[in-house]
Amino acid sequence: MCGVDDDRYKLERQLLAVQCKLTGAKVKSETNQYVKRWMKDFRTVTYEADDVLDDFQYEALHCQAQIGVSRTHKVLSHFTSHSPLLFRLTMSRKLRNVLEKINELVTEMNTFGLLNSVEPPQVLCQQTHSALDEYAKIFGRDDDKEVVVKLLLDKQDNQKLQVLPIFGMGALGKTTLAKMVYNDHRVQHHFHLSMWRCVSENFGATTLVRSVIELATKVTCNLPDNLEILRGRLQEVIGQKRYLLVLDDIWNEEERKWEDDLKPLLCSVGGPGSVVVVTCRNQQVASIMGTLGPHKLACLSEEDSWELFSKKSFSNGVEERAELVAIVKHIVKKCRGLPLALKTMGGLMSSKQLVQEWEAIEESSFGDSLRGKDEILSILKLSYRHLTSEMKQCFAFCPLFHKDFEMEKDILI
């Protein structure tokens, strides 16, 4: 359709062009209210554009359905709601309207430099280490520790490098469990060399191999960024020692980076029984890297949750009174067995002396507590950031359901 098709192609091009810039804008919109509003307006226009393109698709299907229809019917269709002439006029108006809105937003973006100098995404991660507070009691993870330790010790005769994923959602205590295993006296005695590396999003083979060399030698590695040179040095420092390497907080989902780059290098060194333990939130990471079945971490039991929360809340001079215990039991249920939530909320309660203050927290949500919000959401937000744009959009539909409402899958879809 002359004219209309040109506008349609232009719309498709503009949507693709702006989409390329939106990734940076999403990060900037978290701190810039102007960019946030601009993105909201732009998203509204893209929905309109999507509807227009859907109309074209529908009309194409309708035209295909008309193949074989009598000529009389085709002539009559020019005077009905499915008239090609009427469709052309309607779509021409809709297209130009959407294009004008997009042009206005793009002009505004360029005029005010909304997406210029967008800060790189801040990785919401915290460097971890292997040290474990020997005086701190850890609740509900002793059985998990025994299972993992047994797995490590049982692999002493295995000639191939084994990889054991510890898998579970954020804030469950995967790093804590890894520390418990790493510092167990049986593990320390079993392996000739134990190393700990917090990886997060930096999964480059060069960076990780250099880090392993430094961990093994406890000296800075000043070799050039050449994998062949680094490989030679890695063989020198590890040789045939049975080693344990903990790679904490892995996010890499690219199989090539593991299978082709890092795995061959780690497999080229170490004696029988060497093991790499990885902690991850994503099941795909576990399936890519694991040679052993992943150890899936569950939430704490109600009993362990109560012990952890009461230890945190009944401190700083707060006495365990009957009226407070009833409140605590209700808050513990809200935490759903998440160790981080239990520790954060328990610590918050310990700073409150009055029953009325405890009741106020009981009636509120985690989001109403600044400490709870900052500590818990910062962990969960990292998982959200790793969703695709499509998955983020799907996730945004969940607030349509009331709090504590049981969501039916088909209704959500």
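**Figure 1. An overview of the predicted model and its long-range contacts.** Among contacts in the protein between residues at least 6 apart in sequence, 76% join residues at least 24 apart. Please keep in mind while browsing these views that this is a predicted model. The secondary structure comes to 18 helices and five strands. Of the 413 residues, 40% count as buried.

**Figure 2. The open sheet and the order of its strands.** Five strands form an open sheet with parallel pairing, and reading across it gives the order β2-β3-β4-β1-β5. β2 and β5 (295–296) stand at the edges with a single partner strand each, so one side of each has no neighbour in the sheet. As a general guide for looking at any such view, side chains in a regular strand alternate between the two faces of the sheet.

**Figure 3. Strand β3 between its two partners.** Here we zoom in on β3 (residues 243–250), a mostly covered strand in which eight of the eight residues are buried. On one flank, β2 (residues 193–200) runs parallel to β3, and seven bridges join the two. To find your bearings in this pair, look for Arg197, whose bridge partner in β3 is Leu247. β3 also pairs with β4 (residues 275–280), again in the parallel sense, over five bridges. Two handy landmarks help here: Leu244 stands opposite Val275 in β4, and Ile250 stands opposite Cys280 in β4.

**Figure 4. Helix α8 lying across two strands.** Which strands does helix α8 lie across? The helix, made of residues 205–217, lies across β2 and β3. Its direction is at about 145° to β2. β2 is one of the edge strands of the sheet, while β3 has bridges both to β2 and to β4.

**Figure 5. Two residues with positive phi.** Two close-ups are shown together because each residue has a positive phi without being a glycine. Ala171 has a phi near 75°. This residue lies in the loop between β1 (162–167) and α6 (174–182). Is Ala171 buried or exposed? Its relative accessible area is 16%, so Ala171 is buried. The second residue, Asp249, has a phi of about 65°. Asp249 has its place in strand β3. With 15% relative accessibility, Asp249 counts as buried too.

**Figure 6. Ile166 and its surroundings.** Ile166 is found in strand β1. At 0% relative accessibility, Ile166 counts as buried. Which residues does Ile166 touch, leaving aside those up to four places away in sequence? They are Lys174, Leu177, Ala178, Val277, Val278, Thr279, Cys280 and His295. Cys280 is worth a second look, as this residue of β4 also stands opposite Ile250. Another point to pick out is Gln283: Ile166 and Gln283 are 117 residues apart along the chain, and their C-alpha atoms are separated by 9.8 Å.

**Figure 7. Helices α2 and α4 side by side.** In general, two packed helices are described by the angle between their axes and the distance between the axes. For α2 (residues 33–65) and α4 (residues 84–112), the axes come within 10 Å and cross at roughly 155°. Angles over 145 degrees count as roughly antiparallel, and α2 and α4 are therefore roughly antiparallel to each other. The crossing of α2 past α4 is left-handed. From α2, the contact includes Tyr34, Trp38, Phe42, Val45, Ala49, Val52 and Phe56, along with Asp41, Glu48, Asp55 and Glu59. On the α4 side, those met include Phe87, Met91, Leu95, Val98, Ile102, Leu105, Met109 and Phe112, as well as Lys94, Lys101 and Glu108. The residues of this contact divide into 15 nonpolar, no polar and seven charged.

**Figure 8. Helices α13 and α15 running together.** The last view turns to α13 (residues 322–335) and α15 (residues 355–363), whose axes come within 10 Å and cross at roughly 20°. Angles under 35 degrees count as roughly parallel, and α13 and α15 are therefore roughly parallel to each other. α13 passes α15 in a left-handed crossing. α13 brings Glu323, Leu324, Ile327, Val328, His330, Ile331 and Lys334 to the contact, and α15 brings Val355, Trp358, Glu359, Ile361, Glu362 and Glu363. Sorted by type, the residues of this contact come to seven nonpolar, one polar and five charged.

How values were computed: Residues are numbered from 1 along each chain as its sequence is written. This is a predicted model: local features need pLDDT of at least 70, side-chain atom pairs count only at pLDDT 80 or more; totals for chains, interfaces and linings use all residues. Side-chain values use heavy atoms; hydrogens and water are left out. Axes are lines fitted to C-alpha atoms, for helices over the stretch in contact, and angles run from 0 to 180 degrees between N-to-C directions. Helices (H or I, at least four residues) and strands (E, at least two) are DSSP runs, numbered from the N terminus. Angles under 35 degrees count as roughly parallel, over 145 as roughly antiparallel, 65 to 115 as roughly perpendicular and the rest as oblique. A crossing is left-handed if the near helix is turned anticlockwise from the far one by less than a right angle, and right-handed if clockwise. Contact means heavy atoms within 4.5 Å. Ala, Val, Leu, Ile, Met, Phe, Trp, Tyr, Cys and Pro count as nonpolar, Asp, Glu, Lys and Arg as charged, and the others, Gly among them, as polar. Buried means under 20% relative accessible area, exposed over 50%, partly exposed in between (1.4 Å probe, protein chains only). Two strands pair if DSSP finds at least two bridges between them.
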